[in-house]
Amino acid sequence: MNELNPSGWRPAMGTAPITREIETFTGNRALQLEEALLFEIGSSDRSGVDFDVVADFDLSALGPNVRKTAPNLPGLSEPETVRHYTRLSRQNYAIDLGVFPLGSCTMKHNPRLDEKVARMPGFADVHPLQPVQTVQGALSAINELAVWLIKLTGMHGVAMTPKAGAHGELCGLLCIRAALEAKGDPREVILVPESAHGTNPATAAFAGYRVENIPATADGRVDVTALTARLGPDVAGVMITNPNTCGLFERDLKVIADAVHAVGGYVYCDGANFNAIVGRVRPGDLGVDAMHINLHKTFSTPHGGGGPGSGPVVLSEALSPFGPLPFTARQVDGSIKLIEEEDADLEHPQAFGRMCAFHGQMGMYTRALAYILSHGADGLRQVSGDAVLNANYVLRSLDDVLEAPFGPAGHCMHEALFSDDGFADGFSTLDLAKGLIDEGYHPMTVYFPLVVHGAMLVEPTETESKAGLDQFIGAMRSLAERAKAGDELLKSAPHLAPRRRLDETLAARKPKLVYKHA
Ligand SMILES: *Cc1c(COP(=O)(O)O)cnc(C)c1O
């Protein structure tokens with residue numbers, strides 16, 4: 001036991017200098033080989049498979065498509081290919097290796113049960129163009145998930161098709177636009193608080209609205225007075241994140257929603273942080289008209305998930321008639337019908353259109369439904385409780401070494417926010433984040449939200465144990481002390497990663513996206 005790690009974890013390296021006394025000449029290190037590009041390993045005269053030469057193939061059948069030169073692709077054997085990708089994966093970090101402290105991303109464990117369900121052939125092997133009678137089981141799973149999402153949010157309807165949170169935002173705003181146009185009252189402005197995720201203003205602009213920012217109060221919440229003062233007949237709606245990106249609950253959302261409705265506008269809620277309130281607060285009760293739910297955040301399906309994410313949008317009674325096609329509807333005989341354009345005139349005449357060619361991301365739906373059913377309503381309530389508890393544990397375990405701008409004001413929700421206040425001159429949040437890589441962790445979200453200087457946003461999620469959090473906290477305490485003491489070695493971290501500190505500006509401005517043979 002020691003001061004840094006009361007739990008008894010081996011202390012992080014503290015201020016002891018990190019040295020690399022032993023270097024290999026190859027770049028290889030400790031059971032890891034330095035990995036070259038596929039183009040450098042492979043050669044175009046090799047192949048992983050042998051093709052029979054087709055004797056009398058008439059090349060003229062290909063017309064002008066016959067190749068004139070070899071494609072210059074790297075040929076590799078199967079073991080070479082498998083090793084290449086396996087080695088690369090070992091240079092990376094994964095949720096199965098340790099905590100992902102990324103705030104505003106909700107990276108949590110993906111239960112193997114959900115993975116197993118998603119791989120069942122009746123879900124994994126369906127094709128979007130299969131006749132509806134042959135995919136009744138899959139459609140019924142989508143429908144059941146839809147019912148759960150409506151129930152958990154206290155809303156009226158749901159659009160299941162959007163492929164991500166940002167896509168869901170677009171879907172919600174197109175519903176708002178359609179509702180306003182149906183009233184003959186198209187409007188121009190969407191109000192967005194300055195702490196919002198970048199996708200909010202981007203979506204509003206993409207949907208053709210003018211974005212106006214609403215300031216935050218000193219305690220990190222939307223300034224209600226400033227917001228209500230700006231409301232008027234040109235305001236189509238507001239986009240508010242709740243809990244917000246400072247990790248705080250927007251207590252005044254109902255008051256805001258009433259004021260927005262009073263001037264004929266609509267309330268979009270960014271529901272990316274729904275995991276902090278699921279089972280406790282229903283957005284429908286707060287006057288929300290549309291809210292996306294990132295299944296890949298709240299409902300434990302992997303980010304990416306073997307395809308795009310999934311961002312169903314729950315809709316109020318006022319907006320439901322405008323939701324996109326297609327959607328599932330249970331019929332009186334128990335079967336599920338997929339309502340498409342040809343049915344829309346009768347069943348859903350005001351649909352604004354559609355978001356996607358097909359009706360969604362089956363792999364995400366099955367994982368999310370398996371997660372919801374395996375927890376049940378009580379279990380989901382515990383999920384939000386544990387997520388908030390874990391974030392507050394991180395906040396209180398670090399607020400004596402890191403400045404927590406909104407910490408003193410009370411508890412946080414699902415994520416703990418710190419600033420770089422108190423770091424030695426010339427030391428930044430980036431230095432601490434890079435140091436975290438040497439300590440074995442993926443860095444937390446940095447420099448977001450923009451309203452906090454040198455922000456560090458840590459979201460531990462409900463799936464982390466106290467022991468796991470203590471280990472992470474030990475590393476963070478050590479790094480915070482080094483940043484405050486001005487430990488020069490921190491400025492060149494990471495020292496132990498496969499690559500040292502990269503030039504992030506060059507990487508963003510002049511990325512090399514094409515391999516050119518030397
Ligand atoms: C993740 C996130 C989004 C965007 O969701 P994607 O699924 O990544 O498109 C929007 N708002 C907030 C607050 C988020 O955390």
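This briefing covers the largest pocket, the domain division and one helix pair of the structure. The model is predicted. Its largest pocket has a volume of about 1,000 Å³, and 27 residues line that pocket. The chain is divided into two named domains, domain 1 and domain 2. Helix H13 appears both in the pocket lining and in a packed pair with helix H14.

**Largest pocket**

- Among the 27 lining residues, those that lie nearest the centre of the pocket are Gln-91, Asn-92, Ile-437, Ala-497 and Pro-498.
- By residue class, the lining of the largest pocket comprises 13 nonpolar, nine charged and five polar residues.
- Three helices each supply at least two residues of this lining: H2 (78–90), H13 (429–438) and H15 (504–509).
- The most is given by H13, which contributes three residues to the lining of the largest pocket.

**Domains**

- Domain 1 spans residues 38–89, and domain 2 spans residues 133–368.
- The centres of domain 1 and domain 2, taken over C-alpha atoms, are separated by 46 Å.

**Packing of H13 and H14**

- Two packed helices are described by the angle between their axes and the distance between the axes.
- For H13 and H14 (residues 466–485), the angle is about 135° and the axes are 10 Å apart.
- H13 and H14 are therefore oblique to each other, since an angle over 145 degrees would be needed to count as roughly antiparallel.
- The crossing in which H13 passes H14 is right-handed.

Notes
Residues are numbered from 1 along each chain as its sequence is written. This is a predicted model: local features need pLDDT of at least 70, side-chain atom pairs count only at pLDDT 80 or more; totals for chains, interfaces and linings use all residues. Side-chain values use heavy atoms; hydrogens and water are left out. On a 1 Å grid over the protein atoms alone, a cavity is a set of points where a 1.4 Å probe fits but cannot get out, and a pocket is an open set with protein on both sides within 12 Å along at least five of seven lines; lining residues have an atom within 4 Å of a point. Grid points are joined across faces, edges and corners, and a volume is the space filled by probe spheres set on the points. Helices (H or I, at least four residues) and strands (E, at least two) are DSSP runs, numbered from the N terminus. Ala, Val, Leu, Ile, Met, Phe, Trp, Tyr, Cys and Pro count as nonpolar, Asp, Glu, Lys and Arg as charged, and the others, Gly among them, as polar. Domain bounds come from an automatic or database domain assignment. Axes are lines fitted to C-alpha atoms, for helices over the stretch in contact, and angles run from 0 to 180 degrees between N-to-C directions. Angles under 35 degrees count as roughly parallel, over 145 as roughly antiparallel, 65 to 115 as roughly perpendicular and the rest as oblique. A crossing is left-handed if the near helix is turned anticlockwise from the far one by less than a right angle, and right-handed if clockwise.
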